[in-house]
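Here's a quick walk through a protein model, written for someone who'd rather be at the bench. Have a look at the fold first, then read on.

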Amino acid sequence: MTRPGRLHAIATAAIAATLLLTGGCTAGGDDPPPAPTPSATAAPAPGTPGRTVEKVSNPFGAHWDWSRYQQFGPYLRRLAGSATYEEISWCEIERTPGQADWAGLDEIATRSRDLGITVHLKIRTGVCWATGGTARYTRGAANKTESAMPTDLGAYQRFVRSVVQRYGPYGVREYAIENEVNAPSYWAGSPEDYARLVRAAAETIRATDPKARVVDSGISSVAYGMGVADRLMRAGRVPEALAAYRAYFQRRVGTRGQQIPAVTGEAQLRRALGTETNSRSLRFLAVTESLLTDRTVDVRQVHFYEHFSGVAPLLDYLRATTPPGTPIQAWEVGQFWRDGDGDPASRATEMVKTVTLLAAGGIGEISWLPLAFNPNNAAGSEVRYGLLDPDGTEREAGRMFAALADAARDATVTPLPASVAGRLNGVAFARGGSSTLVLWSARSRTGTSVTVVPPPATPSGEPPAPARPPGA
């Protein structure tokens with residue numbers, strides 16, 4: 001059972017005012033509005049005996065640059081039990097028809113398994129002999145391109161089958177089809193093309209590994225914000241749509257020209273939703289939800305890079321548009337803040353609020369991206385905030401994230417009881433007869449204290465039931 005005398009705290013001097021220190025005490029807040037180096041041996045062949053990581057026991061993970069694995073290894077071991085993902089491309093693995101090079105991915109799968117971290121795979125096509133045509137977009141040092149529809153779906157299915165056969169023995173059980181298909185720089189085809197590709201991939205994945213799960217592409221964070229506002233507008237809830245848009249995009253306005261404009265009224269919001277880019281995003285969001293509805297896709301993938309005040313409207317949207325019982329996972333979570341001026345303590349505080357609100361809302365896996373700032377990206381500008389410095393040194397946010405992982409590992413995630421919700425935000429992690437509470441004031445802007453009541457035990461003495469996912 002949960003005992004008030006055994007409530008643990010996640011807090012440091014920098015953010016002690018934000019998080020609860022002990023059960024039954026008070027917490028005030030002044031919030032703004034809404035490991036050892038691995039051996040250098042070659043990767044084992046698929047099926048080699050070894051520890052297989054299949055169960056994700058820690059909801060808090062990260063995504064990192066494998067070229068800096070040596071610097072990140074010690075920190076990653078603190079995230080054991082979590083999940084991450086790796087993006088692969090048919091065109092990169094099989095540059096010549098019939099000649100696949102798996103060496104790099106074998107190494108990643110082996111190292112992930114050794115870290116105790118489950119790896120999911122995003123299977124992309126790219127643009128090459130397998131698709132025909134010429135790439136229009138390239139990005140990053142690896143010159144990754146958008147994906148296009150394969151010219152031969154049978155050949156595509158054979159590639160997908162080889163991926164599942166090879167990496168199932170490593171513990172890979174989730175396969176996302178493509179990435180952020182709402183963006184032309186990631187997907188060159190139509191929504192109907194994407195649906196055909198997913199159905200072909202899903203058929204092959206399930207036939208190859210009945211335990212495997214199919215995941216959607218992960219519609220972009222901005223597109224989800226447009227979906228939130230569009231749904232409310234279509235329901236005639238214009239004031240709510242305007243409020244949700246402003247909360248969600250408070251740091252994005254103007255960052256993409258007129259695609260995310262400031263809006264003060266209904267006409268402006270309708271114009272914003274009707275741009276070519278945003279209309280495309282809404283179409284791909286709709287086809288993604290149709291694939292979830294007909295159970296072609298098993299898991300909903302969410303990307304979120306906004307201010308934490310955008311979590312509430314996002315969760316409301318997910319509850320309304322996700323089929324009951326569908327797991328929802330946030331494979332990409334971070335802070336997009338162009339020219340951000342937040343100090344390390346406030347950055348850490350925001351991170352804690354974002355990920356705990358998602359966890360309390362029933363999101364089962366939450367991966368922070370990027371794990372560490374890469375100074376070689378965007379002329380050295382840190383638009384997306386890292387938990388670590390480039391050399392692997394922990395920042396305040398990194399220390400807090402690791403503390404959350406420690407609290408949540410093998411724990412039951414419990415939202416706040418109704419008697420507390422509204423006055424406080426946060427979540428409880430219950431494990432072994434004790435709980436860790438992460439709480440902050442939901443109303444106070446003056447530092448006024450709020451009395452905290454620990455989550456009650458059920459009549460049987462067990463911790464409260466876990467959080468209900470938005471799609472459950």
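Helices and strands here are DSSP runs, numbered from the N terminus, with at least four residues for a helix and at least two for a strand. Keep in mind that this is a predicted model.

## The overall picture

The protein chain runs to 472 residues, and 58% of them are buried. Its secondary structure comes to 12 helices and 16 strands. About 18,800 Å² of the chain is exposed, with carbon and sulfur atoms supplying 52% of that area.

## Glu-306, a buried acid

Let's start with a loop. Glu-306 sits between β10 (300–304) and α10 (311–321). Is this residue, Glu-306, buried or exposed? Glu-306 counts as buried, because its relative accessibility is 3% and the cut-off for buried is under 20%.

What does the Glu-306 side chain make polar contacts with? One partner is the side chain of Ser-221, at 2.5 Å. Another is the side chain of Arg-252, at 2.9 Å. If you set aside the neighbours within four places in sequence, the residues in contact with Glu-306 are Ser-221, Val-222, Tyr-248, Arg-252 and Gly-334.

## Salt bridges

How many salt bridges does the structure hold? The count is 24. One of them pairs the side chains of Lys-144 and Glu-87, at 3.7 Å from N to O. That pair links distant parts of the chain: Lys-144 belongs to strand β7 (residues 144–145) and Glu-87 to strand β4 (residues 83–89), with their positions 57 residues apart in sequence. Lys-144 is partly exposed at 27% relative accessibility, whereas Glu-87 is buried, at 15%.

Other salt bridges stay inside a single helix. In helix α3 (residues 103–115), Glu-107 and Arg-111 are four residues apart, or about one turn. Their closest N and O atoms are 3.8 Å apart. Glu-107 is partly exposed, with a relative accessible area of 39%, while Arg-111 is buried at 16%.

Helix α5 (residues 191–208) has a pair of its own, Arg-196 and Asp-193, set three residues apart, again about one turn of the helix. The side chains of Arg-196 and Asp-193 meet at 3.7 Å, N to O. Arg-196 counts as partly exposed at 45% relative accessibility, and Asp-193 counts as partly exposed too, at 22%. Elsewhere, salt bridges with shared partners join Glu-87, Arg-124, Lys-144 and Glu-178 into one network.

## Two glutamates with positive phi

Glu-178, a member of that network, has another feature to point out. Its phi is positive, about 70°, although Glu-178 is not a glycine. The residue lies in the loop between β8 (174–177) and α5. Glu-178 is buried, with a relative accessible area of 0%.

Glu-180 also lies in the loop between β8 and α5. Phi of Glu-180 is near 45°, a positive value in a residue other than glycine. At 12% relative accessibility, Glu-180 counts as buried.

## The disulfide

How many disulfides does the structure hold? There is one, formed by Cys-91 and Cys-128, with their sulfur atoms 2.0 Å apart. A disulfide is a covalent bond between the sulfur atoms of two cysteines.

Which parts does the pair tie together? Cys-91 lies in helix α2 (residues 90–93), and Cys-128 is in the loop between β5 (118–124) and β6 (138–139), so the bond ties together parts that are 37 residues apart in sequence. The torsion about the S-S bond of Cys-91 and Cys-128 is about -80°, which means the disulfide is left-handed. Both cysteines are buried: Cys-91 has a relative accessible area of 9%, and Cys-128 has one of 19%.

## A cis proline

One last backbone detail. The peptide bond that joins Leu-369 and Pro-370 is cis, with omega about 0°. Where does Pro-370 sit? Look in the loop between β12 (366–368) and α12 (396–408).

Terms used: Residues numbered from 1 in each chain as written. Predicted model: local features only at pLDDT ≥ 70, side-chain atom pairs only at ≥ 80, totals over all residues. Heavy atoms only, no water. Salt bridge = Lys/Arg side-chain N within 4 Å of Asp/Glu carboxyl O. Buried < 20%, exposed > 50% of the residue type's maximum accessible area, 1.4 Å probe, protein only. Polar contact = N/O pair within 3.5 Å; in protein donor to acceptor, adjacent residues only side chain to side chain. Contact = heavy atoms within 4.5 Å. Disulfide = S-S within 2.5 Å. Areas by Shrake-Rupley, 256 points an atom, 1.4 Å probe, with all protein chains shown as cover.
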